[in-house]
Amino acid sequence: MQALRGVSFDLRAGEVHALLGENGAGKSTLIKIITGAHQPDGGTIEIDGRQIAHLTPAVAHQLGIACIYQQPALFPDLTVTENIGIRLEDTRPFACVKWTTRRQHAAELLQRIGADISPDAEVRSLSMPEQQLVEIACAIGAGARIVIMDEPTASLTQQEVGLLFAVVRELRQSGVGVIYISHRLEEIFELADRVTVLRDGETVGTRAVKCRTGFQPVAADSHEFAQTDDRQDACPTLTETELIRLMVGREVSNIYPPAESDAGDVVLSLKNLSCAAGGVKNVSLDLRAGEIVGLAGLIGAGRTELARVLFGITPADEGEMLLYGKLVTINSPQDAIAHGIGYVPEDRRRHGVILEMPIAHNVTMAIHRRLFPRIWIRSEAERSLTLEYINNLDVKTSGPAAAAGSLSGGNQQKIALARWLATKPKLLILDEPTQGVDVGAKSEIHKIIRRLAKEGLAVLMISSDLPEIVGMSDRVAVMRSGTIVEILPGGSDSHEVMAAALGQRKELNRRDAETRRTVT
Amino acid sequence: MKRYFRELSVAAVLFGLLLLLAVLAPHFFDPQPLLSRMTAAAPKLVLACGVALVIICRQIDISIGSLFAVCGTCAGLATAAGTPFPIAILIAIVVGLVGGAFNGFLIATLRLPSIVVTLATMVTWREALRLFQQGVFINLPPGTEWFGLPMTAGQWTVCAVAIVLVVVLSYVLKNVAAGRFIYAVGSDAEAARLAGIRPQLVTFLVFAVMGALTGLAAVLNMVQSPQVDPNTGRGLELEAIAAAVVGGVAISGGRGKLWGVFAGLLLLVCIGPALTYVGVKPYWEKAIQGTIILVAIVADGVRSKKEGNRR
Amino acid sequence: MNADKHRWKNILARHETILVILLVIEICYFQLAGIRFGTADNEANIVRHSVEIGLLALVMTPIILTGGIDLSVGSMLGLCAVLFGKFWRDAGMPPWLAGFCTIGIGAMCGGFNALLITRLRLPPLIVTLGTFSLFRGLAEAITRGVDAFTEFPDSFLSLGNGTIWGLPTQAWILLAVAIFVWLLVHRTTFGRSARAIGFSPEGARYAGLPVERRLATAYILAGVVVAIASLTYTSRLGTAKADAGFGYELLAITAVVLGGTSIFGGVGSVHGTLLGVAALAVLTNGLTRVPATMNMAGELSGVLTGVLLIVALAAGSLPKLIRLLRRRSRSKPA
């Protein structure tokens, strides 16, 4: 599959250039190309006007390109000083470690980015943003001129975000070019000078951010403004609504099978459900039989985490779950299965199926108790059941004995689905059911989901594919920062969903809602 | 302070134990028996330091007991055949180095689990030695016992060699880049790779060093008697691992201090005599040793579970 | 892509074929070179001596299938043996009752391992290394290091030295356990779950398999069978000492790995393990029958066991290594 086609992107010294796009729009591929981890099939990369023929990670490092990932690649058992030292000093094995200079250097770097971290602290004991700051200190220390930040605020609290932003502004002022990837719109408006939107592997457009409507400019010194204003003459400026339009782009087409069923009884009702370990807070939601509820939101909004709570992998620590009106506790996947909840996980290859095992084994894995009540494997029953699902879901395979790993992505997904259908669930949670699946299989899976709902199953579908969410769902629940912020009717406008997911200002939403109310 | 909590708690327990001994059995501190006891523990100290390196690197080596016997026998045979003693010492160390490097090759290059590889080499060396030597003791020529020194001086030498080694290794581990690489690889091999360190090479070298230290330990053991026992070293690997684990070296890799290992070893060495003074029979020693190891492992497990929950 | 699966089958098939060929070569060689190798007496002898290793290897198989390992089985055997002696001699129990108590002790030892592994999420390797030393230490403490239990009644000794229907008595136990474990691993949901856990512990958890309970079962089963092995061992030798079963964990692991079970979990079979046990047993015995090696048979078979284990491991990891190198050379264009 082609991840990128025809992307143009430029970064100036001393600017923060935001990179925006839906999940799967090609941001991470672009980053990999810039850091040299992937090689482009065509096109050119220029740094300082010099064309780079073959960008490898080593070359990228020399050129001062540094990338700060969400999960820092630090040594948890070592101190901050040492983490910075090992990264920056050359790796001659017999060099003597000069702890005092090392420590001084680390302290200096930390001070330079305004991080209040003791150089003697063990990285293990630092919070996530503090670890990111250590990474940034490494990047600065290595003389990075281009710093890429991949969703650095995904797991940060508001306060921590403020700290990070101060550092990013510091970087900008010292002439470093920052590529900033984030899903949070307000961050982009607060921080970025320009924004480039990617969609389906293409650049949709680059816009300057500064002249915004409806936003107070961020407190930044005027000197900087003068600088940036000079440079941004070529780019048209941008409003929030326009940005969303750029990201979403296409309109919802009617390729989705129509809803045919009416919602029935409430199957599962969530009341203020929270799980501190999973970062889910105060979720309330009703799921009805025969209804598909789409769970929209950006990566890190807590959708998968909510699914994991419902399925008992990280049990809830607060709130109530009512199954057909009766209070239940789900502390393990076994409990969830016993209560008729199935979960097709997001990471198909690691969690959804066991690649090395035959299809039949995968399909029956969740119903050992029922299919094999006397613990003996009944191969014939297993085989016929598997064949039934293979035919039912139209899996393309040589037979039930083929290893799951030998199937294509779409067919693997059908096997993962079959495993849970075999449990005859009341509620099925689908996490990115069509991710990494080709177009044909995708629409097949959509039809299957629709059919299941028609048969009276409650479906909770997590998806980052907006048209899919909007097209498939009877209701769309939008999550943001671990909680459900809005529940929209099915067939809502993609823009509306995106706006809610991005956390577009509440006033705007409210105004929208008011307009809608006056219209009806 | 928190960083050194494990080491300090071991040191505190050791101190408490010594205090107890001072009250209950002041004879424990008579110079000559104490020196003998420390001398007997010196080879173990060398092994424990080596094992500490291996564990910090997130591996394990249980073949050292067998390799220890092989090295001792090689050096003993060489000496008995008339080789000058310094050369015999060198032979022991080189044999150890080769044995360790063989483990390292299998583990680092073929990426086999270290426990199974060293389990296999443990039995291979041991049985090969039995096959070769048939359990016959080797009589050493006069002048090799205690390096040809008077006994007390020899004992001091042995202890001094071990302690100098601990100090030097400690320094290297703390202040030389290569030493820090071991921590880096043990802490997170992937992050180490990203920082330009070659984790496989480090692993290989750690095993090689472990082997060389085993050779040295064998020499320190050999000079303590006029004969070389080819059956020596059984269970030594466990004592060394126990000392390292009790001394605060984390089984999950990346953390540990040699002075902690030193304290851990002293604790294990003193607990036997201490128990006999208190009236516990010596045959309980192994069981108590096993319990101490398990307690240390469980303490590690509880700590990492807590930390895992916090994240 | 379907070839993938066939290749797996082929490798397994090839592995067991190689073992059978190895076994045949061993037998032919010892038949020709050895003295009185093929006599009925000696055959019974081979079986008698391989029962304990066989039992240990059998229950080690599901453990390794889950991606774990149990280094404590040898020590556990020692502990069970001396406790059996203690129960019989000092507590005055009849042998059968002492035997049942011993089996209970074995289950507790295995349960202790299981507890630490599943509750504290500690790696099995390190847990069982710890209990390896604890169990042996306890055995020594109980016997005060020197005590040996002897003079068991004939009724008990016949377990290790008698015959039933022409086969050594303990061979029937081995056969029963082998059938039990084979059915468990190859025909029940337990075996299915064990493999799934070995391939992907997380994947098994997401499929709703009771991962912890399955792991606990494997380790407790090991404890029970080790206790049974301690009984046949004691009966065969007529004494129970603290050093019983020393080094048996290695032999058991060797047999399992030799039998084609991957040390990384998921892949393997019980019949492979049995073949591995047979290959080792014939080798050990055969060396005592060949004049050239007769005097150092024990040592030689020890060396060969270690070497075989290394070779089997290396052979098992070679395909992985080649894949790795190939991927590396691909990602690093010149």
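Begin with chain B and chain A selected together, where 9 residue pairs are found in polar contact across the interface, both partners of each pair being at pLDDT 80 or more. Keep in mind throughout that this is a predicted model.

**First stop: the side of chain B that touches chain A**

Colour α6 (151-175), α7 (177-187), α8 (189-194) and α12 (285-310) of chain B, since each of these helices supplies at least two residues to the side that touches chain A. Of these, α7(B) deserves a selection of its own, as the largest share of that side, 7 residues, comes from α7(B). If you then colour by residue class, the side of chain B that touches chain A shows 12 nonpolar, 5 polar and 8 charged residues.

Next, show every residue in contact across this boundary: the selection should hold 25 residues of chain B and 24 residues of chain A. Between them, chain B and chain A bury about 2,000 Å², with 53% of that area on carbon and sulfur atoms.

Which residue of chain A forms a salt bridge with Arg255(B)? Select Asp77(A) and display both side chains, for Asp77(A) is the partner, and the closest N and O atoms of the pair lie 3.3 Å apart. In total, 3 salt bridges are counted between chain B and chain A.

**Second stop: the side of chain B that touches chain C**

Now hide chain A, bring up chain C, and select the residues in contact, which are 39 from chain B and 46 from chain C. Here the two chains bury about 3,600 Å² between them, and 81% of this area is on carbon and sulfur atoms.

For the charged pairing, select Lys286(B) and Glu140(C), which form a salt bridge whose closest N and O atoms are 3.4 Å apart. The count between chain B and chain C is 1 salt bridge, and the count of residue pairs in polar contact, with both residues at pLDDT 80 or more, is 2.

To see which parts of chain B face this partner, colour α4 (85-109), α5 (114-133), α10 (236-246) and α12 of chain B, the elements that each give two or more residues to the side touching chain C. Select α5(B) separately, because it is from α5(B) that the largest share of that side, 12 residues, comes. Colouring by class once more, the residues of chain B on this side divide into 26 nonpolar, 7 polar and 6 charged.

**Last stop: α12 of chain B**

Finish by selecting α12 (285-310) of chain B with both neighbours visible, since this helix supplies at least two residues to the side that touches chain A and also gives two or more to the side that touches chain C.

Notes
Residues are numbered from 1 along each chain as its sequence is written. Chains are lettered from A and ligands numbered from 1 in the order in which they are written. This is a predicted model: local features need pLDDT of at least 70, side-chain atom pairs count only at pLDDT 80 or more; totals for chains, interfaces and linings use all residues. Side-chain values use heavy atoms; hydrogens and water are left out. Contact means heavy atoms within 4.5 Å. Buried area is the accessible area (1.4 Å probe) that two parts lose on being put together, summed over both. A salt bridge is a side-chain nitrogen of Lys or Arg within 4 Å of a carboxyl oxygen of Asp or Glu. A polar contact is a pair of N or O atoms within 3.5 Å; within protein, one must be able to donate a hydrogen and the other to accept it, and residues adjacent in sequence count only if both atoms are side-chain atoms. Helices (H or I, at least four residues) and strands (E, at least two) are DSSP runs, numbered from the N terminus. Ala, Val, Leu, Ile, Met, Phe, Trp, Tyr, Cys and Pro count as nonpolar, Asp, Glu, Lys and Arg as charged, and the others, Gly among them, as polar.
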